[in-house]
Amino acid sequence: MAGAHAASTDPDALSWYEATARQRVVALADPGSFQEFLPPTERRMSPHLPLFDLPRAFDDGIVVGRAALDGKPVLVAAQEGRFMGGAFGEIHGAKLVGLLRAALTLKPAAVLILFDTGGVRLQEANAGETAIAETMRAIVDVRAAGIPVIGLIGGRAGCYGGGGLIAGTCSRLAVSEGGRISVSGPEVIETNKGAEEFDSRDRALVWRTMGGKHRRLIGGADAFCTDSVSAFREAALDLIGRAPAFDLATLEAEQARLESRIARFGDCRDATEIWARLGVNDSEAVPAMDTRAFDETVSRVREADHDAR
Amino acid sequence: MESLTFRHTTQKPLPGSVPNAITGVVASGNLEILLERVLPPDACEVAIETPIAGYGPVWEAVVADFVARAQPGGLRISINDGGARPDTVSLRLLQGARLMEA
């Protein structure tokens, strides 16, 4: 198995942000337990990229397979954010959809999606958009079958575009400081609305608007991790154990929660205003907090934990 | 895209029994290398796909240097290049051979 021999891996020392998709999967799972489906030796590559004179990847930028997590069987998908921004192409998307559909038969304890994506791959946009829709549908089916789908977000590409939509359909999300979750990315907003609306080069603005801490504080993510593979492993195990029911009551609560969010924060001009309204005493201090101080802050914010995202 | 293939005869097989390995990522200035132990023990083949055309002689020299140093007999090596510099290519090839020896 090509993946099993990728360079690795002490989960405590390995930075999630710096690691490749293969390193993340191998270090996240119980040692030696990862088995890859459609490994690089199968050469399932994009049929579209050569038309654009662009290089392909043997795995089309996503690693999928089965593994054990603390002895429990799980299915895992990991996007490689450095290959074309982790974007969804035809093969890439088909591998994720296939994995989710297999979950209905294999009935694992959970499906883990290690997001690292800018969204749809523009060179194969129709196939990519279809893949986003099929993935969301497949996640709904998996959750309806009682299997939690957990998203882990802390890669350099963040989780944007269709990836952000898919993340919204997961049972639970864990995010690190480096992770970002949104639909339109900073450059997209700036291009369409101007730098006065959103300056994509203002990194502090980007992180406090889309970053892991903000998403955790408003309840968009359910766990905040330090940037190590072992922290994400711990978070994944915790989140599998407290995945919400997937029923009408949860969805109605989610709708009500989103309506109250826009009513409560709709006039805020900056994330720090939202944090202040949430009851964070020193909202300006949030970006510099370490994980422990931030966890304490989160524990005092009622909206941060809610079954509806 | 330019496709290049180089075939070499080695004096000995690469030690170890790992059947295949992959290293690197197709990204700007980087490349991925897939190694498979599928050839006769004195043969090595390196196939390259690169979007940067016109560097055949450089690839040829880097591959010949790698084969002389690592003696990677038995390996079929497939490369997806993202525009890596020759020193990066050389390091990745040696890294890949090391993974196969493990």
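**Exercises on a two-chain model**

B:Gln71 has 19 C-beta neighbours inside 10 Å, so this residue counts as partly exposed. (Buried takes 20 or more other C-beta atoms within 10 Å of the residue's own, exposed takes 12 or fewer, and partly exposed is in between; C-beta atoms are placed from the backbone.) Before you start: this is a predicted model, where local features need pLDDT of at least 70 and side-chain atom pairs count only at pLDDT 80 or more, while totals for chains, interfaces and linings use all residues. Residues are numbered from 1 along each chain as its sequence is written, and chains are lettered from A and ligands numbered from 1 in the order in which they are written.

**Exercise 1. Two unusual phi angles**

Find where B:Gln71 and A:Asp60 sit, and say what their phi angles are like.

*Solution.*
- Step 1: look in chain B between α1 (56-70) and β5 (75-81), and you'll find B:Gln71 in that loop. (Helices are DSSP runs of H or I with at least four residues, strands are runs of E with at least two, and both are numbered from the N terminus.)
- Step 2: B:Gln71 isn't a glycine, yet its phi is positive, near 50°.
- Step 3: now hop to chain A, where A:Asp60 lies in the loop between β1 and β2.
- Step 4: A:Asp60 isn't a glycine either, and its phi is positive too, at about 50°.
- Step 5: A:Asp60 has 27 C-beta neighbours inside 10 Å, so this one counts as buried.

**Exercise 2. Two glycines**

Decide for A:Gly32 and A:Gly164 in turn: buried or exposed?

*Solution.*
- Step 1: A:Gly32 is in the loop of chain A between α1 and β1 (35-37).
- Step 2: count C-beta atoms inside 10 Å; A:Gly32 has 10 such neighbours, so put it down as exposed.
- Step 3: for a sense of distance, A:Trp16 is 16 residues away from A:Gly32 in sequence and 19 Å away in space, C-alpha to C-alpha.
- Step 4: A:Gly164 belongs to helix α4 (residues 162-169) of chain A.
- Step 5: the count for A:Gly164 is 24 C-beta neighbours inside 10 Å, so A:Gly164 is buried.
- Step 6: leaving out residues up to four places away in sequence, A:Gly164 touches A:Cys159, A:Ile181, A:Ser182 and A:Val183. (Touching, or contact, means that C-beta atoms placed from the backbone lie within 7 Å.)
- Step 7: A:Gly119 is 45 residues from A:Gly164 along the sequence, and their C-alpha atoms are 7.7 Å apart.

**Exercise 3. Helices in chain A**

Describe how α3(A) and α4(A) are arranged, then find what covers α1(A).

*Solution.*
- Step 1: the axes of α3 (residues 125-144) and α4 in chain A come within 9 Å of each other and cross at roughly 5°. (Axes are lines fitted to C-alpha atoms, for helices over the stretch in contact; angles run from 0 to 180 degrees between N-to-C directions.)
- Step 2: α3(A) and α4(A) are therefore roughly parallel, a label used for angles under 35 degrees.
- Step 3: pick out the meeting residues; in α3(A) they include A:Glu129, A:Ile132 and A:Met136, and in α4(A) they include A:Leu165 and A:Ile166.
- Step 4: turn to helix α1 (residues 21-28) of chain A, where eight of the eight residues are buried.
- Step 5: among the elements covering those buried residues of α1(A) are β2 (62-69), β3 (72-79), β4 (110-115) and α8 (229-241) of chain A.

**Exercise 4. Whole chains**

Sum up each chain, then the contact linking them.

*Solution.*
- Step 1: chain A has 11 helices and seven strands, and 52% of its 309 residues are buried.
- Step 2: a compact globule of 309 residues would have a radius of gyration near 19 Å, and chain A agrees with its 19 Å. (Here the radius is taken over C-alpha atoms, and the globule rule is 2.2 Å times the number of residues to the power 0.38.)
- Step 3: chain B has two helices and five strands, in the order β-β-β-β-α-β-α from the N terminus on.
- Step 4: its radius of gyration is 12 Å, close to the 13 Å from the rule for 102 residues, so chain B is as compact as a globular protein of that length.
- Step 5: 41% of the 102 residues of chain B are buried.
- Step 6: 17 residues from chain A and 19 residues from chain B make up the contact.
- Step 7: check confidence: the predictor gives the complex an ipTM of 0.96 and a pTM of 0.95.

Key
Contact = placed C-beta atoms within 7 Å. Parallel < 35°, antiparallel > 145°, perpendicular 65-115°, else oblique.
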